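Visitor: Please take me through the sheet and the helices that lie on it, one piece at a time. After that, I would like to see how the rest of the chain is put together.

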Amino acid sequence: MTKAKPDEKIVKSASSDAPKATAASLETAARAATKKGPAPVHLWNPPFCGDLDMRIARDGTWFYLGTPIGRAGLVRLFSSIIRKDGDDYFLVTPVEKVGIQVDDAPFVAIDFNAEGKDEAQVLTFETHVGDTVVASAENPIRVSFDPDTKEPSPYILVRANLEALIDRKSFYRLIDLGQHHDVEGKSWFGLWSSGTFFPIMPSKDI
């Protein structure tokens, strides 16, 4: 039996009349749709074409058919057409919508810059696919803790309901910038950015 090439693998269709989608067809449609600027994925409502064997690992590595995608430009292109509907992630173009697996968050914040101090501080993050985002009321920072290990997982909202996991080295630097602030009568340890305080944990737990 002849083994199909990666870009020739067809996903399982959601319906018999849905178009067949491949990584190659998504790339072509995405390039055409993003020529004039950011992809307005929230406006597109193409037919669902099933799930594609594509996964974003927790460290931000993209896999297709179990193999890392080595083309940084292709990863950036695909990252521009991600949409999250409910708890599920999709790659969406004007003509196709396919489901993908995301282990944690679709982006990773790999660095940040801090300007100003205290309430005037502004934190600007950079993701592994080249996005920049300023932490603010519109793009908040949040931290969840594993109930068993108590390990923190910090995130920042990048766009729509898509978050970036803040990497460990950046989070350690953020902790050095943390301050205590009263929130609803209780003292919290957290971060200031763009005039908004983002609580991390109660002061008493530090």
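**A sheet and its helices**

Guide: Helix α2, residues 72-79, lies across β1, β2, β4 and β5, and runs at about 95 degrees to β2. Keep in mind that this is a predicted model.

The sheet under α2 is open and has six strands, in the order β3-β2-β1-β6-β5-β4, with mixed pairing. At its edges stand β3 (67-68) and β4 (82-85); each has a single partner strand, so one side of each is left without a neighbour in the sheet. Within the sheet, strand β1 (residues 48-56) and strand β6 (residues 97-102) run parallel and are joined by four bridges. To find one of these pairings, start at Phe48, whose bridge partner in β6 is Lys97.

Another helix packs on this sheet: α1, residues 23-33, touches β1, β2 (62-64), β5 (88-92) and β6. The direction of α1 makes about 100 degrees with that of β1. The buried residues of α1 are Ala23, Leu26, Glu27, Ala29 and Ala30. A general rule helps in reading such a list: an α-helix has 3.6 residues a turn, so residues three or four places apart point the same way. The cover over the buried residues of α1 includes β1, β2, α2, β5 and β6. Helix α2 is thus part of that cover, as well as lying across strands of the sheet.

Now move further along the chain, to strand β8, residues 122-127. The side chains of β8 alternate: Leu123, Phe125 and Thr127 point to one face and are buried, while Val122, Thr124 and Glu126 point to the other and are not. Strand β7 (residues 107-115) pairs with β8 in the antiparallel sense over six bridges, and Phe112 stands opposite Phe125 there. Six residues lie between the strands of this hairpin, where Gly116 takes a positive phi near 80 degrees.

Strand β8 is also joined to β9 (residues 132-134), by three bridges and again antiparallel. Here the bridge partner of Phe125 in β9 is Val133. The hairpin of β8 and β9 has four residues between its strands, and Gly130 in the turn has a positive phi of about 90 degrees.

Two of the residues just named, Leu123 and Phe125, are in contact with Leu174, which is found in helix α3, residues 168-176. Leu174 counts as buried because its relative accessible area is 1%, and the cut-off is under 20%. Leaving aside neighbours within four places in sequence, Leu174 also touches Phe112, Ile166 and Leu191. The C-alpha atoms of Leu174 and Asn113 are separated by 9.9 Å, although the two residues are 61 residues apart along the chain.

A further hairpin is made by β10 (residues 141-145) and β11 (residues 152-159), which run antiparallel and are joined by five bridges. Ser144 stands opposite Ser153 in β11. This hairpin has six residues between the strands, and Lys150 takes a positive phi near 65 degrees.

For the whole chain, the count is three helices and 15 strands. Of its 206 residues, 41% are buried. Among contacts between residues at least 6 apart in sequence, 52% join residues at least 24 apart.

Technical notes: Residues are numbered from 1 along each chain as its sequence is written. This is a predicted model: local features need pLDDT of at least 70, side-chain atom pairs count only at pLDDT 80 or more; totals for chains, interfaces and linings use all residues. Side-chain values use heavy atoms; hydrogens and water are left out. Two strands pair if DSSP finds at least two bridges between them. Helices (H or I, at least four residues) and strands (E, at least two) are DSSP runs, numbered from the N terminus. Contact means heavy atoms within 4.5 Å. Axes are lines fitted to C-alpha atoms, for helices over the stretch in contact, and angles run from 0 to 180 degrees between N-to-C directions. Buried means under 20% relative accessible area, exposed over 50%, partly exposed in between (1.4 Å probe, protein chains only).
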